[in-house]
Amino acid sequence: MIIKSFGLLIAKISDSYITFSRILLLGRNITQIKKEIISRYYKHLTKTIISILASMNIIGNPFQIARYIGQGFVDVINYPVQGFIKGPIEGVFGIVGGGVGFFKNIIAGTFSGLEAITESVSSGLSPISMD
């Protein structure tokens, strides 16, 4: 029962993408083709495994947190630029709006990570407590 619940604890993965790109091999012998395919897909598999590990909810889904932080930085840049294009007063409002957007995304990312950790722990512990 405990081992089963531990599996549930680490099995929750969100927002992870698995992609492989195509490969075009012309004018090569079979040995070169094998080496190229193995090295190419090994690189893709390594990136995919890192992406999956970064999307695990037990560690707070850092991939999702990074997206929130990235969006916060985009807000810090875009709002003031758009405001100053319209005028100086709108630029000041843009600075304020960018700061608010930045802090909003930082807070949302933090609580999203905490929510992912607690959800993962909760789903792993519920079979043990027979809830």
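The paragraphs below lead from the overall fold to single helices and then to a few residues, all in a predicted model.

Taken as a whole, the protein has four helices and zero strands, and, read from the N terminus on, its elements follow the order α-α-α-α. The protein has 131 residues, and buried residues make up 23% of them. The area that the protein exposes comes to about 9,400 Å², with carbon and sulfur atoms supplying 71% of that area. As for how parts of the chain meet, among the contacts with a separation of 6 or more, 68% are accounted for by residues 24 or more positions apart.

A useful place to begin is helix 3, which covers residues 62–86. This helix has 25 residues and reaches 36 Å from its first C-alpha to its last, which is close to the 36 Å expected at 1.5 Å a residue. Within helix 3, the buried residues are Gln64, Gly72, Asp75, Pro80 and Gly83. Another residue of this helix, Arg67, is partly exposed, because its relative accessible area of 38% falls between the cut-offs of 20% and 50%. After helix 3 comes Gly87, a residue whose phi is positive, near 160°.

The next stretch to follow is helix 4, which covers residues 88–129. Where do helix 3 and helix 4 come together in the model? One pair to look at is Arg67 and Asn105, which are 38 residues apart in sequence and, from C-alpha to C-alpha, 9.0 Å apart in space. A second place to look is Ser112, which is found in helix 4 and which touches Gln64 and Tyr68, when residues up to four places away in sequence are not counted. Of these partners, Gln64 is one of the buried residues of helix 3. Ser112 itself counts as buried because its relative accessible area is 11%, which is under 20%.

Helix 4 also holds Phe103, and this residue offers a contrast with Ser112, since Phe103 has a relative accessible area of 54% and is therefore exposed, the cut-off being over 50%. Phe103 belongs to a nonpolar patch on the surface, which it forms with Ile107, Phe111, Leu114, Ile117 and Val121. Together, the residues of this patch have about 570 Å² of accessible area. A reader who turns the model to follow helix 4 can thus find Ser112, which is buried, and Phe103, which is exposed.

Note on methods
Residues numbered from 1 in each chain as written. Predicted model: local features only at pLDDT ≥ 70, side-chain atom pairs only at ≥ 80, totals over all residues. Heavy atoms only, no water. Patch = residues over 30% accessible without salt bridge, like charges linked within 9 Å, V, L, I, M, F, W, Y side chains within 5 Å. Areas by Shrake-Rupley, 256 points an atom, 1.4 Å probe, with all protein chains shown as cover. Salt bridge = Lys/Arg side-chain N within 4 Å of Asp/Glu carboxyl O. Helix = DSSP H or I, 4+ residues; strand = E, 2+ residues; numbered from the N terminus. Buried < 20%, exposed > 50% of the residue type's maximum accessible area, 1.4 Å probe, protein only. Contact = heavy atoms within 4.5 Å. Expected span 1.5 Å × (residues − 1).
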